[in-house]
Amino acid sequence: MFKSKIKWIKKSENEALILIALDGTFGSLPGQFFMMKSGDFPVIPRPFSVYFEDEIRGETLFLLKPRGLLTEEALSWQIGHELKLKGPLGNPIPVIEGANLVAGGSGYAPLHFYGSKYGYKNFYLGTTSKEEADFLNNLPNLKITCGPLVVTERFFQDNNEGAVIACGPTPMLQHLSEQYHGGSVYVSIEERMACGTGMCEGCAVKLKSGEIKFVCKDGPLFDGKEVDWQWLT
Ligand SMILES: Cc1cc2nc3c(=O)[nH]c(=O)nc-3n(C[C@H](O)[C@H](O)[C@H](O)COP(=O)(O)OP(=O)(O)OC[C@H]3O[C@@H](n4cnc5c(N)ncnc54)[C@H](O)[C@@H]3O)c2cc1C
Ligand code: FES
């Protein structure tokens with residue numbers, strides 16, 4: 001693992017999302033992630049997707065959603081706080097010309113990086129509050145749902161066609177994979193991880209073919225139509 005310090009930190013008004021910029025760039029591509037540990041805080045490293053790598057400013061950004069031990073501790077982080085990192089890990093998202101993007105919550109992170117770098121046809125983002133929606137409304141023509149209208153329903157209402165790349169809660173990825181017939185569905189899966197490098201077998205995903213794959217080593221992007229969702233959920 002290597003060390004980096006927080007250069008700046010921003011929180012959404014309701015503290016439901018945290019954006020941190022780390023000092024340095026590490027050659028990451030959209031879809032890749034880092035295992036992250038906070039100083040001596042006693043939890044094993046957790047995986048976080050790169051939100052953006054800014055080569056001009058020399059910063060790497062991550063979007064964290066407070067929901068557990070590390071991400072709730074992150075609410076107290078300040079500029080200069082030291083993090084330990086391993087990465088970039090995982091396979092980059094391949095460039096798919098004119099792909100639609102669908103993100104839910106912190107699933108916005110890898111797709112924000114992808115969309116900023118390669119562009120998109122339509123970009124749908126599901127949030128749970130107006131504060132989150134305002135905080136993340138930073139790419140052109142984002143179609144943001146907030147609250148009860150599920151982001152996938154908004155996506156289907158627009159009769160989209162062509163490939164879709166999605167990241168977010170597992171039920172959202174499953175719904176999209178099973179109900180979308182306008183093109184390929186690629187899903188970035190956020191399974192629990194321990195090692196991040198294919199050693200612990202903690203992030204297994206079963207395919208309909210019966211094959212077992214690992215999110216950290218073989219993913220995090222999978223063909224949603226090949227995933228055995230019943231096994232995963
Ligand atoms: C490739 C990848 C990329 C990711 N990118 C991001 C990102 O950019 N931003 C982001 O916010 N998150 C991201 N995640 C998800 C994030 O890594 C997890 O949510 C992580 O667990 C958060 O750590 P934590 O210590 O804050 O929460 P944890 O303490 O790990 O808890 C997280 C959730 O899991 C539940 N939980 C805790 N222990 C267990 C258990 N034993 N069994 C079942 N449930 C349990 C908790 O109740 C809580 O709801 C990513 C995950 C992957 C795999
Ligand atoms: S996290 Fe250990 S095998 Fe994927």
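Guide: Helices here are DSSP runs of H or I with at least four residues, and strands are E runs of at least two, numbered from the N terminus. By that count, Pro 220 sits in the loop between α6 (215-218) and β15 (221-223). This is a predicted model, where local features need pLDDT of at least 70, side-chain atom pairs need 80 or more, and totals for chains, interfaces and linings use all residues. Residues are numbered from 1 along each chain as its sequence is written, chains are lettered from A and ligands numbered from 1 in the order written, and side-chain values use heavy atoms, without hydrogens and water.

Visitor: What makes the bond from Gly 219 to Pro 220 notable?

Guide: That peptide bond is cis, with omega near 10°. The bond from Gly 87 to Pro 88 is also cis, with omega near 0°, and Pro 88 belongs to strand β7.

Visitor: How do you know where one domain ends and the other begins?

Guide: The bounds come from an automatic or database domain assignment, which gives domain 1 (2-89) and domain 2 (100-232). Their C-alpha centres are 20 Å apart.

Visitor: What area is buried between domain 1 and domain 2?

Guide: Buried area is the accessible area (1.4 Å probe) that two parts lose on being put together, summed over both. For these domains that comes to about 2,200 Å², with carbon and sulfur atoms giving 70%. On the domain 1 side, Pro 30, Tyr 51 and Leu 63 lose the most, together 27% of what that side buries. Counting contacts (heavy atoms within 4.5 Å), 27 residues of domain 1 meet 24 of domain 2.

Visitor: Why is the pair Glu 132 and Lys 65 called a salt bridge?

Guide: The rule asks for a side-chain nitrogen of Lys or Arg within 4 Å of a carboxyl oxygen of Asp or Glu. The closest N and O atoms of Glu 132 and Lys 65 are 3.0 Å apart, so the pair qualifies. Across the domain interface, the rule finds one salt bridge.

Visitor: Why is Ser 49 in strand β4 called buried or exposed?

Guide: Buried means under 20% relative accessible area, exposed over 50%, and partly exposed in between (1.4 Å probe, protein chains only). Ser 49 has 16%, so it counts as buried. Leaving out residues up to four places away in sequence, its contacts include Phe 33, Leu 61, Ala 109 and Pro 110.

Visitor: And what makes Glu 15 and Asn 159 worth a look?

Guide: Neither is a glycine, but phi is positive: about 60° for Glu 15 and about 45° for Asn 159. Glu 15 lies in the loop between β1 and β2 (18-23), and at 41% it is therefore partly exposed. Asn 159 lies in the loop between α4 (151-157) and β11 (164-167), and at 65% it is therefore exposed.
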